[in-house]
Amino acid sequence: MDKIRKKNLSVLLVSDFFYPKIGGVEVHIYQLAVSLIRLGCKVTVLTHHSQDRQGIKIMGNGIKVYFTPLMTLYDGTSMPIMYGALKIIREICYVEKVDIIHCHQTASILSLEGVFHSKIIGKNVVFTDHSLYGFSLLDEVSLNKVVRIFFVDVDETIGVSNIATENLILRGLINPRITHTIPNGIDNTKFTPPSEKELKQLKKDKIKEGKEEIITIVSVSRQAYRKGTDLLIEVIPEICKQLPNVNFIIGGDGPKKRLLDIMIEALGLKDRVKLTGFLKHNQVRETMIQGQIFLNTSLTESFCIAIVEAASAGLYTIATDVGGVGEVLPEYMVRLVKPDKESIIQAIKETIKNYDKIKEKIKNNYTALKSIYNWDKVAKKTVLVYDKALKKTDLSYITRIKKIFTVGHYSPFIYLFAVLIDLIFLFLLTVFQPLKNIKNNEKEFKYQ
């Protein structure tokens, strides 16, 4: 690792999912970039434009971000530009002297394009997947086919949990020898338990509102089907009906938020259920510490960083036992339940009944989690994966073609045809836009 740091390793992180949008993948890429910089690496991020962010931006901690003007499709993924992406990635790799490309999330079109073009410009590539996908629905089967083809060019892969790594191996028929499990981290400086001053203020606010005996359940996530918003809509009315001393704070935005609004309005629960809407990352903790219990109702989850953040902030967690959630927290910090209405309601009732005993057990959560989930540890492990990928020096076309023909019966011919067009396009770029004419000047960069 020291050897790599002395070389001032230059890393290009590629994904459609990055700030200012907030989510697990976005936070992961940002925090990984920050920690890689602390290790002495140079970090560049390639993503699509978002809101008013377009062109090159330098973030305060030294992360250089290329917000390319790509049209977005469903859920923030960019529209495929295939060979146009080669031009962008080639120029960025030259300007930033990139040593290795690190792509994130199989649902990201830009990431898959980064994998596809990596070998033709002579770069090793690492891929991290953050989500679980099945094998039955049409969209999942289609994505798995794409992953299987594109991943012939990947040197090393990373899953954020053991279950995520296994899922990726099965979906992409990947050699287990090139897979690694590196869990997420959390920002230990931000997700701390409430201070004495904050506790006094929260107590004053409760007394002022006449709610000093109220237990508050907090849920923060993207309001979408896979995050269990429909399940939350079923649970909240029943809990409010059966437990008059329980209120809810629901944080986050998404396509299902409208259904929460309708439910609250129809059942007259405005005094019991508070919707915060979209939360910036620095607002998540101040929302969490207003409660005593954190509720996660996800239907699928590879890791779930939110429950770690909540536990670190001093909350007890009730979470659906799906995907990699069971790997995340020690048993005394979390109660795992089946992803159904009755199981969640029963768990909430029992947790509230025994909360005084639970409170004593979780008072040292922050200290325990600080040593387990640390972004600097994540970055160090990731650099070791980079080191392993960089040792694979055979980037020849012959090797690539051999790998391509390990995929299915007809797919190799389609993929090989796409690679040949990529070669032709690279030749044209070499002739008409040679790299020596590209200046390391942000104002002259064509995507400014």
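This passage walks through the sheet, the nonpolar cores, a pair of packed helices and a few backbone oddities of a predicted model.

The sheet is a good place to start. Eight strands make up an open sheet with mixed pairing, and their order runs β3-β4-β2-β1-β5-β6-β7-β8. The edges are taken by β3 (55–58) and β8 (179–181); each has a single partner strand, so one side of each is left without a neighbour in the sheet. From one strand to the next, the twist averages 20 degrees. In general, strands of a sheet pair through backbone hydrogen bonds, either parallel or antiparallel. Here, β5 (residues 100–104) and β6 (residues 124–129) go for the parallel sense, and five bridges tie the pair. Within this part of the sheet, His102 sits opposite Val126 of β6.

Helices pack on this sheet too. One of them is α2, which touches β1, β2 and β5, with its direction at about 155 degrees to that of β5. Another is α6 (residues 162–172), which is in contact with β6, β7 (156–159) and β8 and makes an angle of about 160 degrees with the direction of β8.

Strand β4 offers a look at a single buried site, Thr68. With a relative accessibility of just 2%, Thr68 falls under the 20% cut-off and therefore counts as buried. Once residues up to four places away in sequence are set aside, Thr68 touches Leu46, Thr47, His48, His49 and Ile88.

Next come the nonpolar cores. As a rule, nonpolar side chains in soluble globular proteins tend to be buried together. In this model, the largest nonpolar core holds 65 residues, and the members that touch the most others are Phe294, Ile307, Val308, Leu329 and Tyr386. Two or more residues apiece come from β1 (10–14), α2 (24–38), β2 (42–48), β4 (64–68), β9 (215–220), α10 (281–288), α11 (305–312) and α15 (375–390). The biggest giver is α2, with eight residues. So α2 turns up twice in this account, because the helix that packs on the sheet against β1, β2 and β5 is also the element that gives the most to this core.

Phe294 shows what the surroundings of one such well-connected member look like. Neighbours within four places in sequence aside, Phe294 is in contact with Val218, Ser219 and Val220, with Met288, with Ala306, Ile307 and Ala310, and with Leu315, Tyr316, Thr317 and Ile318. A separate core of 45 residues lies apart from the largest one, and its members include Leu46, Ile121, Phe150 and Ala418. Leu46 has already come up, as one of the residues that Thr68 touches.

Two packed helices are described by the angle between their axes and the distance between the axes. For α3 and α4 (residues 109–118), the axes come within 9 Å and cross at roughly 75 degrees, which makes α3 roughly perpendicular to α4. On the α3 side, the contact is made by Tyr83, Ala85, Leu86 and Ile89, while α4 brings Glu113, Gly114, Phe116 and His117. Sorted by class, the contact has five nonpolar residues, two polar and one charged. Helix α4 itself is well tucked in: nine of its ten residues are buried, so the rest of the structure largely encloses it. The buried set consists of Leu110, Ser111, Leu112, Glu113, Gly114, Val115, Phe116, His117 and Ser118.

A few backbone details stand out. Most residues other than glycine have a negative phi, and most peptide bonds are trans. The bond from Tyr19 to Pro20 is cis instead, with omega near 10 degrees, and Pro20 belongs to the loop between β1 and α2. Met82, not a glycine, has a positive phi of about 45 degrees. Met82 is in the loop between β4 and α3 (83–95) and is partly exposed, at 25% relative accessible area. Leu173 likewise has a positive phi, of about 50 degrees, without being a glycine. This residue is in the loop between α6 and β8, and its relative accessible area of 58% makes it exposed.

One last exposed residue is Ile398, at 55% relative accessible area, in helix α16 (residues 397–404). Ile398 and Gly172 are separated by 226 residues in sequence and, C-alpha to C-alpha, by 22 Å in space.

Technical notes:
Residues numbered from 1 in each chain as written. Predicted model: local features only at pLDDT ≥ 70, side-chain atom pairs only at ≥ 80, totals over all residues. Heavy atoms only, no water. Core = buried A, V, L, I, M, F, W, Y, C linked by side-chain atoms within 4.5 Å. Buried < 20%, exposed > 50% of the residue type's maximum accessible area, 1.4 Å probe, protein only. Helix = DSSP H or I, 4+ residues; strand = E, 2+ residues; numbered from the N terminus. Contact = heavy atoms within 4.5 Å. Pairing = 2+ DSSP bridges. Axes fitted to C-alpha atoms, helices over the stretch in contact; angles between N-to-C directions. Parallel < 35°, antiparallel > 145°, perpendicular 65-115°, else oblique. Nonpolar A, V, L, I, M, F, W, Y, C, P; charged D, E, K, R; others polar.
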